[in-house]
Amino acid sequence: MITLNDITLMRGSKVLIEHTSAQISDGHKVGIIGRNGCGKSSLFAAILGDLAPELGSIGVPKNIKIAYVEQQTPALDISALDYVMQGDKEVMRLFEDKKIALENGNGEKAALIEDELGIAGAWTLKPRSEELLHGLGFSQEEIFHAVKEFSGGWRMRLNLARALILNSDLLLLDEPTNHLDLDTVLFLESYLKSYKGTILCISHDRDFLDCFCTDILHFESGKIVMYTGNYSDYERLRAERIKAEKASRKKEEAILSHMQAFVDRFRYKATKAKQAQSLIKAINRMQLTAVTQEESPFSFSFPEPERTPAVIASFDKVNAGYNEQAPVLKNINLSILSGDRIGLLGRNGQGKSTLIKTLCSAISPLTGTVTLGKGIKIGYFAQQELESLDPNLTALEHLQRIDPNAREKDLRSFLGSFAFSGDKATAKVSTMSGGEQARLALSIIAFEKPNLLLLDEPTNHLDLEMREALSIALASYPGALVLVSHDRHLLEAIADKLWLVDNHKVSEFSGDLDDYKNYLDEQRKLLNHNENASKINITLSNKSFKSKEDKRKEANIRALLRPLKQKIEKIERELEQIKNRMAEIESILADSSIYNVEHKAELENLLKERGTLISNQEELEVNYLLELENLENKEKELHAC
């Protein structure tokens, strides 16, 4: 058990936590959350003995094995596999002891050490290391590359693997998902769920914490508060506590109203049963979040774009990449329409960022054409774009550079919603943390009123409260959106379409994120059975032999469900017809000539028809969600019989 006994922890002159106590039981998996700079990493330093508390004491059991992710990776000539295997220092020590015993002619001691090596897992160390590296995204060929050949992000994965390979009692993880893609995050979740020891994990990824945590340790107002359960349990318990402490809920009602506007607008985008159910779950979670979000310093929105055409962008036979002889992506033929919210799925290195860069003209298509609609204004966020911030300018000066005529009072008010108020608005970029720079980049994008947002891992370096604020802002954003993120909560709450970027192709993914996880699991199984196959056909359905009785029962169930499914399909067809007609109307309205005097009657008829279509669409979509719920309930009832 780890105990914090009335500790006060400081960094320099800043008090991080004061007179606070907590206990962490053996085998518990604790998610540690709180705003950036509140002291989470300092707590790790104190547990490791690198930082002493000003007051109180930290009790850590003697002789426990602690694993943590090293922040530096030397440019070594040894292979990635050897580097990870060397992370198990106990096994390495035993091998060295055995070598010395043999050199000294002490065969009896060498034999005893041989037994210790078996107990320590030395004979499975290599296959376990290979499995870890594959799970963290390294190919069979790459695990034999020298450590010095890998970039910084991939070296962090190597350090993560070194920490995980150790047979430890306590595992300390500080933002382990920051350098990972969604595929690798899902693998890490499975690994941590099966870990036998105690875990302390700092993270701003709520779905990640939801997956394996037994407790949440929240830094709030200079104290540490422990909540039993995963992140969803924490959010519910904290919301109940806040409600009990405060009588006035005016601000909460305003936030809920803001969220409900999103719900009313966004939930109708679903055209498939699974997507609709995912959205309903996301809506329920977001409504709960409103209570705790009230205390957040962040409350911003993306202003309404000036105009948005019906067709935002289209790819026609596009090859994309950096070398005509070896394109990253081939033969892209897709379109982005007004209101589309697209989440990009796929492993790192498959071309998600390349697709976005091609869309925003950061790189030109190798072949084919990318056509943007008239009047498209792109807001592009990527980690490398933070480098475009001028380190010698302040947040206020960055906005003044965009609009020199804007009143300082208005600019300060705008920046205040991103928590750049008072002196923070006039602090130079060079003094800002990574999270503050990311917030500033987002504020600049919002200030420019784009009608197409391209966001490549926007949540890196953002704390939970800022992530929630971003989720809320994007939820009510009326323009089109393309999002790359390993944060499933953000993807589930925002994306209503998924595109899979894999094997040089970009295609629509018909399922939801649960289906994508199944897709990855199936892919890993096939890879394990045939590592050397150059191409693997992946199927999402597992066929099995069924008895005649099972087949008869399933046929009866299908017959009973058919009328409900036909009703849903009819609504889907009607919604599709409305969508197509709306696209035609939007295309006509995007032409400035329709507003000439001679077209007045036609314009009035179009606007009237558009209003009727919107009304019909809303009624159909409400019925659609109700019928989906009826279908789900009926399915459960029939399968239970």
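Let's start at a small spot: Asn331 sits in strand E11, which covers residues 329–332. Everything here comes from a predicted model, so read each value as a computed one. The protein chain as a whole comes to 20 helices and 19 strands. We'll look at that strand residue, then the chain, then a handful of helices.

**Residues with a positive phi**

- Back to Asn331: its phi is positive, near 50°, and this is a residue other than glycine.
- Asn331 has 49% relative accessibility, so it counts as partly exposed; the cut-off for exposed is over 50%.
- Ala419 isn't a glycine either, yet it has a positive phi of about 65°.
- You'll find Ala419 in the loop between H14 and H15.
- Is Ala419 buried or exposed? Ala419 is buried, with a relative accessible area of 12%.
- Two more positive phi values turn up after helices: Ser361 follows H12 and has a phi near 70°, while Lys449 comes just after H15 with a phi of about 55°.

**The chain as a whole**

- The protein chain has 641 residues, and 48% of them count as buried.
- Take the contacts between residues at least 6 apart in sequence: 71% of these join residues at least 24 apart.

**Helix H15 and what surrounds it**

- Helix H15 runs over residues 434–447, which makes 14 residues.
- Here's a quick check on its length: at 1.5 Å a residue, H15 should span 20 Å, and its end C-alpha atoms are 20 Å apart, so the two agree.
- Of the 14 residues in H15, 12 are buried, so the helix is largely enclosed by the rest of the structure.
- The buried set includes Gly435, Gln437, Arg439 and Ser443, along with Leu440, Ile444 and Phe447.
- What do the buried residues of H15 pack against? They pack against two strands, E15 (378–381) and E16 (452–456), and against helices H13 (395–402), H14 (408–416) and H16 (464–475).

**H13 against H15**

- H13 and H15 pack at an angle of about 25°, and their axes are 11 Å apart.
- That angle makes H13 roughly parallel to H15, because angles under 35 degrees count that way.
- H13 passes H15 in a right-handed crossing.
- On the H13 side, the contact is made by Ala395, His398, Leu399 and Ile402, and on the H15 side by Leu440, Ile444 and Phe447.
- Sort the residues of this contact by class and you get 6 nonpolar, 1 polar and no charged.
- A handy bit of background: an α-helix has 3.6 residues a turn, so residues three or four places apart point the same way.

**H6 against H7**

- Helix H6 covers residues 152–165 and helix H7 covers residues 182–193; their axes come within 13 Å and cross at roughly 10°.
- H6 and H7 are therefore roughly parallel to each other.
- Which residues make the contact between H6 and H7? Arg157, Leu160 and Leu164 come from H6, while Thr184, Leu188, Tyr191 and Leu192 come from H7.
- The contact of H6 with H7 has 5 nonpolar residues, 1 polar and 1 charged.

**Helix H12**

- Helix H12 takes in residues 352–359 and is mostly covered, with 6 of its 8 residues buried.
- Those buried residues are Lys352, Thr354, Leu355, Ile356, Thr358 and Leu359.

**Two residues in H19 and H20**

- Arg581 belongs to helix H19, which runs over residues 548–589.
- With a relative accessible area of 25%, Arg581 is partly exposed.
- Setting aside neighbours within four places in sequence, Arg581 is in contact with Leu606, Glu609 and Leu613.
- The C-alpha atoms of Arg581 and Arg610 are 8.8 Å from each other, although these residues are 29 residues apart along the chain.
- Leu625 has its place in helix H20, residues 600–640.
- Leu625 counts as buried, at 10% relative accessibility.
- How many residues apart along the chain are Leu625 and Ile568? They are 57 residues apart, and their C-alpha atoms are separated by 9.1 Å.

Key: Residues numbered from 1 in each chain as written. Predicted model: local features only at pLDDT ≥ 70, side-chain atom pairs only at ≥ 80, totals over all residues. Heavy atoms only, no water. Helix = DSSP H or I, 4+ residues; strand = E, 2+ residues; numbered from the N terminus. Expected span 1.5 Å × (residues − 1). Buried < 20%, exposed > 50% of the residue type's maximum accessible area, 1.4 Å probe, protein only. Contact = heavy atoms within 4.5 Å. Axes fitted to C-alpha atoms, helices over the stretch in contact; angles between N-to-C directions. Parallel < 35°, antiparallel > 145°, perpendicular 65-115°, else oblique. Left-handed = near helix turned anticlockwise from the far one by under 90°. Nonpolar A, V, L, I, M, F, W, Y, C, P; charged D, E, K, R; others polar.
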